Amino acid sequence: MKNLTSEILTVINKRPVDSFKGNYGHIVTVGGTKQYGGAILMSTSAAVHAGAGLVTCATAPENLTALHAVVPEAMFVDFTDERTVNSVLAGADAIVIGPGLGTDQTSLSIIRSVFANVKPEQYLIIDGSAITLLAQEKELQDNLPDTHIIFTPHEMEWQRLSGIKIADQSEENNRQKQEKLGATVVLKKHHTEIYSPKQETTRLPIGGPYMSTGGMGDTLTGIIAAFMGQFASEDPKAALDAALYTHSAIADQLAKNAYVVLPTDIIDQLQRFMKENSK
Ligand SMILES: NC(=O)C1=CN([C@@H]2O[C@H](COP(=O)(O)OP(=O)(O)OC[C@H]3O[C@@H](n4cnc5c(N)ncnc54)[C@H](O)[C@@H]3O)[C@@H](O)[C@H]2O)[C@@H](O)CC1
Ligand SMILES: Nc1ncnc2c1ncn2[C@@H]1O[C@H](COP(=O)(O)OP(=O)(O)O)[C@@H](O)[C@H]1O
Ligand SMILES: [Mg+2]
């Protein structure tokens, strides 16, 4: 297993002068019931602040006012409006599904619809409730869409999806299940591990317990989506690793002067951090 270093941040390119928002990825974030609206707001806001050219949030209508108050740069669609969601998905470079999506029948039908519409060239980041739902719905798990899938489970979500108990989540066991899924798996924990098809496993040696706050993983999904939308064309694995490194490196910087680092504090630092580390 290879430890990531700050070297990975070289994927953050300086922007060509002759460019426009269409060059920096269209991200669609899908999730956020009335109960868990904050989760999809943080994912969406992180994608905007990490440089995504266009971001659309498909969420419960109750979240519309909050979304526009927090991040007016983002567009909105009601996540139960299947036809509009599908038309927005058609133009996406990266899709996040799961933060605060919930696990009821509505959530399930939203996942089914996204899976049926995602295209092979798109990145699909599957997080939170969507992982829990997939773990329950064997038939969905056995029929994953043909696209670039990135699962971002924490250890309990990985246990649910893989059937591997937390104590038994060794590199060998995790790799076996990842290969069976045919997808990338970001196993989030203290020193997160990244398993991508046909690539050496990488490990994040930074980050710490000041990151143990609700919403921290939701925020990560937006950063990953924005990085895939902007930096994946040459080396998708490096773009993913750089997103993870950025998330935890900002937390480490903030933790020098803070007992706990909030997900929204990380979002506020993304533009500065990416500027300082762009090559
Ligand atoms: N502001 C919001 O709207 C928030 C919404 N959230 C959403 O709430 C839904 C449920 O997610 P949760 O993760 O809270 O609940 P889950 O029930 O999926 O997972 C939490 C359970 O896993 C266990 N666990 C074991 N190892 C863990 C590890 N390394 N990290 C985290 N938990 C571990 C915990 O003890 C707990 O029993 C998701 O859709 C998520 O996106 C959460 O992210 C919290 C914030
Ligand atoms: N002690 C820790 N050390 C390093 N990283 C941590 C620690 N605690 C939490 N994190 C990071 O915070 C994030 C938590 O994700 P997750 O549990 O999905 O949060 P949520 O669902 O509440 O948004 C992960 O990226 C995880 O690696
Ligand atoms: Mg989570």
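1. Start with the fold: ten strands make an open sheet with mixed pairing, in the order β1-β10-β9-β8-β7-β6-β5-β2-β3-β4. The edges are β1 (2–3) and β4 (75–78), each of which pairs on one side only. Bear in mind that this is a predicted model.

2. Strand β2 is a good place to look inside the sheet. Five of the five residues of β2 (residues 26–30) are buried, so the strand is largely enclosed by the rest of the structure. That goes for both faces: His-26, Val-28 and Val-30 are buried on one side, and Ile-27 and Thr-29 on the other.

3. Now for the partners of β2. It runs parallel to strand β3 (residues 54–59), joined by five bridges, and it also pairs in the parallel sense with strand β5 (residues 94–97), over four bridges. Ile-27 shows both pairings: its bridge partner in β3 is Val-55, and in β5 it is Ala-94.

4. On to ligand 1. There are 19 residues around it, and Gly-38, Gly-128, His-154, Met-156 and Gly-214 come nearest. Four helices each supply at least two residues of this shell: α1 (37–49), α5 (128–136), α7 (155–162) and α9 (216–231). If you are thinking about chemistry, the shell divides into five nonpolar, 10 polar and four charged residues.

5. What does UniProt say about binding sites? An unreviewed entry places the feature "binding site" at Ala-39, Gly-100, His-154 and Asp-218. His-154 is also among the residues that come nearest to ligand 1.

6. Two of those annotated positions are worth a look together. Ala-39 is found in helix α1, and Asp-218 in helix α9. Is Ala-39 buried or exposed? With 30 other C-beta atoms within 10 Å, Ala-39 is buried; Asp-218 is buried as well, with 29. Leaving out residues up to four places away in sequence, Ala-39 touches Gly-31, Gly-32, Pro-99, Gly-100, Gly-128, Gly-215 and Asp-218. On the same basis, the contacts of Asp-218 are Ala-39, Met-42, Ser-43, Pro-99, Gly-100, Gly-128 and Pro-263. So the two helices meet here through a direct contact between Ala-39 and Asp-218, and Gly-100, another annotated position, is touched by Ala-39 and by Asp-218.

7. Helix α7 helps line ligand 1, and its buried residues are Glu-157, Trp-158, Leu-161 and Ser-162. They cover an arc of only 115° around the axis, which puts them on the same side of α7. An α-helix has 3.6 residues a turn, so residues three or four places apart point the same way. The buried residues of α7 pack against α5, β7 (148–151), α8 (171–181) and β8 (184–187). Just after the helix, Gly-163 takes a positive phi of about 80°.

8. Ligand 2 has 17 residues around it, with Lys-188, His-190, Gly-207, Met-216 and Gly-217 coming nearest. Helix α9 gives the largest share of this shell, four residues. By class, the shell holds four nonpolar, 10 polar and three charged residues.

9. A second "binding site" feature, again from an unreviewed UniProt entry, covers Lys-188, Lys-189, His-190, His-191, Thr-192 and Gly-217. These positions are spread over 30 residues of sequence but cluster in space, with a largest C-alpha distance of 13.6 Å. Among them, Lys-188, His-190 and Gly-217 are also listed as coming nearest to ligand 2.

10. The loop between β8 and β9 (193–195) holds His-191, along with Lys-189 and Thr-192, and burial varies along it. Lys-189 is partly exposed, with 14 other C-beta atoms within 10 Å, and His-191 is partly exposed too, with 15. Thr-192, with 23, counts as buried. Apart from neighbours within four places in sequence, Lys-189 is in contact with His-154 and Glu-155, while Thr-192 touches Val-186, Leu-187, Leu-204 and Leu-244.

11. Last, some backbone angles to check. His-191 has a positive phi of about 65° although it is not a glycine. Lys-198, also not a glycine, has a positive phi of about 60°. Lys-198 is found in the loop between β9 and β10 (202–203), and with 6 C-beta neighbours inside 10 Å it counts as exposed.

How values were computed. Residues are numbered from 1 along each chain as its sequence is written. Chains are lettered from A and ligands numbered from 1 in the order in which they are written. This is a predicted model: local features need pLDDT of at least 70, side-chain atom pairs count only at pLDDT 80 or more; totals for chains, interfaces and linings use all residues. A residue is near a molecule or strand if its C-beta atom, placed from the backbone, lies within 6 Å of it. Ala, Val, Leu, Ile, Met, Phe, Trp, Tyr, Cys and Pro count as nonpolar, Asp, Glu, Lys and Arg as charged, and the others, Gly among them, as polar. UniProt positions are given in the numbering used here, feature names are shortened, and annotations may be inferred rather than shown by experiment. A residue is buried if 20 or more other C-beta atoms lie within 10 Å of its own, exposed if 12 or fewer, and partly exposed in between; C-beta atoms are placed from the backbone. Two residues are in contact if their C-beta atoms, placed from the backbone, lie within 7 Å. The arc is that of the directions from the helix axis to the C-beta atoms. Two strands pair if DSSP finds at least two bridges between them.
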